[in-house]
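Hi,

Here is the structure I promised to pass on. Have a look at it first, and then read my notes below.

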Amino acid sequence: LAGHGEVIAVNYDLWVLRVTLEFADWDAPIYVDFEGAAGFRVLDEGDLNEFWAPDVRAEGWLWQVHSGGWLDLEKTRSGFLSSERPLVEFLVLGDNECVSVLTHDPPAVREPTP
């Protein structure tokens with residue numbers, strides 16, 4: 001899917017974090033499921049302005065963050081015990097909200113089944 005969607009729901013039930021997006025040119029929602037989520041946060045895209053400059057912005061709506069993101073910030077805290085197991089960070093981009101996810105496993109992107 002090209003462009004950015006709109007984050008319309010974030011659901012977490014201790015097993016799966018599901019981020020639901022709608023895209024203008026797609027008839028059904030897209031689900032991004034994180035089964036190994038250790039933490040997540042939802043921010044207005046305006047709170048991430050330093051990442052939107054054309055010289056630093058990558059294409060797409062699902063990014064893996066390799067450095068300089070929320071995970072690096074959390075690792076500076078001595079009380080951040082989740083870093084004892086390997087974690088990766090993903091960012092789901094929406095037109096208004098963005099979801100940062102710290103996870104032990106990569107996400108699965110799914111279309112709904114009938």
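Let me start with a side chain that caught my eye: that of T103, which reaches the backbone oxygen of D105 at 2.8 Å. Bear in mind throughout that this is a predicted model.

T103 is found in strand 7. Is it buried or exposed? With a relative accessible area of 0%, T103 is buried, because the cut-off for that is under 20%. Leaving aside residues up to four places away in sequence, T103 touches F34, G36, A37 and A38, and also P86, L87, V88 and F90.

Now the overall layout. The protein has 1 helix and 8 strands, and along the sequence they follow the pattern β-β-β-β-β-α-β-β-β. Of its 114 residues, 34% count as buried. If you take the contacts with a separation of 6 or more, 58% of them are between residues 24 or more positions apart. The accessible surface comes to about 7000 Å², and carbon and sulfur atoms account for 51% of that.

On to the inside. How many residues does the largest nonpolar core have? There are 14, and those with the most contacts inside it are V19, L21, V32, F34, W61 and V92. Strand 2 (17–22), strand 3 (30–34), strand 6 (88–93) and strand 7 (97–103) are the elements that give two or more residues to this core. Another core lies apart from it, with 6 residues, among them W63, L91, L93 and C98.

V19 is a handy residue to click on if you want to see the larger core's surroundings, being one of those with the most contacts inside it. Not counting residues up to four places away in sequence, V19 touches V7, A9, I30, Y31, V32, F34, V92 and V99. F34 turns up in both neighbour lists: V19 touches F34, and T103 touches F34 too.

Last, the helix. D72 lies in helix 1, which covers residues 70–75. At 32% relative accessibility, D72 counts as partly exposed, since that class runs between the 20% and 50% cut-offs. Which distance separates D72 from E89 in space? From C-alpha to C-alpha they are 9.3 Å apart, with their positions 17 residues apart in sequence.

That's what I have for now. Shout if you would like to go through any of it together.

Cheers

Notes: Residues numbered from 1 in each chain as written. Predicted model: local features only at pLDDT ≥ 70, side-chain atom pairs only at ≥ 80, totals over all residues. Heavy atoms only, no water. Core = buried A, V, L, I, M, F, W, Y, C linked by side-chain atoms within 4.5 Å. Buried < 20%, exposed > 50% of the residue type's maximum accessible area, 1.4 Å probe, protein only. Helix = DSSP H or I, 4+ residues; strand = E, 2+ residues; numbered from the N terminus. Contact = heavy atoms within 4.5 Å. Polar contact = N/O pair within 3.5 Å; in protein donor to acceptor, adjacent residues only side chain to side chain. Areas by Shrake-Rupley, 256 points an atom, 1.4 Å probe, with all protein chains shown as cover.
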